[in-house]
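Subject: Structure handover

Hi,

Here is the structure I promised to pass on. Please load it before reading further.

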Amino acid sequence: MRKILMLLLVGLVAMIALFVYLFQSNNQVRQITYKTVIGQHQIPEKFVPVYQEAADEYDIPWQLLASVHRVETIFSTMKPMESPVGALGPFQFMPRTWVGWSHPGGDIGELEDDVDYTDPDLIEEHNGYGMDVEGKGKADPFDIIDSAYAAASFLSDHGASEGDLEGALFSYNKSEEYVEEVMSYYDAYQENYELITLPLDDQD
């Protein structure tokens with residue numbers, strides 16, 4: 001019996017080690033894990049102050065920002081935080097939306113590699129949504145604060161501050177399925193929400 005228990009223990013340790021390895025090295029496993037363990041009503045506590053401050057600044061519900069963040073990158077757990085089409089950061093901005101669409105670039109929002117999309121002066125010149133909230137000298141779409149404020153500004157400008165949440169979301173991502181998914185989390189968070197610490201979190 002003791003031998004059997006030892007073998008079972010060794011097997012369990014090996015399975016845990018394999019899972020940890022796959023979790024750290026395979027983005028698909030990482031995403032499946034987070035999609036499974038983060039419930040419909042759960043929000044990572046560390047992000048809530050950012051949502052609330054950005055939402056207050058642009059007169060939109062903070063739960064809307066939480067819902068967009070959940071759908072776009074599963075609360076910044078996606079690695080790398082760049083989509084196959086080039087959307088960047090926690091809230092997945094296309095570079096031309098960040099810099100401004102008056103800047104030359106591709107039809108879906110891409111820019112040439114040599115364009116510094118973090119340059120606040122360039123963003124101001126082209127009226128983009130990117131912003132340097134804390135005065136770092138660069139507007140970083142990978143920074144949770146810069147990205148959340150930019151998302152709040154975009155959603156506000158496109159109707160969320162007037163109550164048209166679905167219209168604002170459709171402008172953010174022109175997909176009815178996307179709107180439905182974000183609104184499903186928004187409705188869940190309106191009903192009730194649970195603040196959590198992200199499991200296996202290695203984010204700063």
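Below are my notes on one helix, one helix pair and one residue. Keep in mind that this is a predicted model.

**Helix α7**

Helix α7 covers residues 144-157. Does its length fit its residue count, and what are the two values? At 1.5 Å a residue, its 14 residues should span 20 Å. The end C-alpha atoms are 20 Å apart, so the two agree.

The helix is largely enclosed by the rest of the structure, because 12 of its 14 residues are buried. The buried set starts with Ile145, Asp146, Ser147, Ala148, Tyr149 and Ala150. It goes on with Ala151, Ala152, Ser153, Phe154, Leu155 and Ser156. What do they pack against? Their partners are α3 (48-58), α4 (62-73), α5 (95-99) and α8 (165-172).

Both ends deserve a look. Asp143 caps the N-terminal end of α7. One of its side-chain oxygens sits 2.9 Å from the backbone nitrogen of Ile145. Just after the helix comes Gly159, with a positive phi of about 115 degrees.

**The α8/α9 pair**

Two packed helices are described by the angle between their axes and the distance between the axes. For α8 and helix α9 (residues 176-191), the angle is about 130 degrees and the axes are 9 Å apart. That makes α8 oblique to α9, since the angle is neither under 35 nor over 145 degrees, nor within 65 to 115. The crossing is right-handed.

Which residues make the contact? From α8 they are Leu165, Glu166, Leu169, Phe170 and Tyr172. From α9 they are Glu176, Tyr178, Val179, Val182, Met183 and Tyr186.

**Gln42**

Gln42 is in strand β1 (residues 42-44). Is Gln42 buried or exposed? Its relative accessible area is 16%, and the cut-off for buried is under 20%, so Gln42 counts as buried.

Its side chain has polar partners. A polar atom of the Gln42 side chain lies 2.7 Å from the backbone nitrogen of Gly39. The Gln42 side chain also makes a polar contact with the side chain of Glu194, at 3.2 Å.

Leaving aside neighbours within four places in sequence, Gln42 is in contact with Val37, Phe75, Tyr189, Glu194 and Ile196. Gln42 and Tyr185 are 143 residues apart in sequence. In space, their C-alpha atoms are 9.4 Å apart.

Best wishes

Key. Residues numbered from 1 in each chain as written. Predicted model: local features only at pLDDT ≥ 70, side-chain atom pairs only at ≥ 80, totals over all residues. Heavy atoms only, no water. Helix = DSSP H or I, 4+ residues; strand = E, 2+ residues; numbered from the N terminus. Expected span 1.5 Å × (residues − 1). Buried < 20%, exposed > 50% of the residue type's maximum accessible area, 1.4 Å probe, protein only. Contact = heavy atoms within 4.5 Å. Polar contact = N/O pair within 3.5 Å; in protein donor to acceptor, adjacent residues only side chain to side chain. Axes fitted to C-alpha atoms, helices over the stretch in contact; angles between N-to-C directions. Left-handed = near helix turned anticlockwise from the far one by under 90°.
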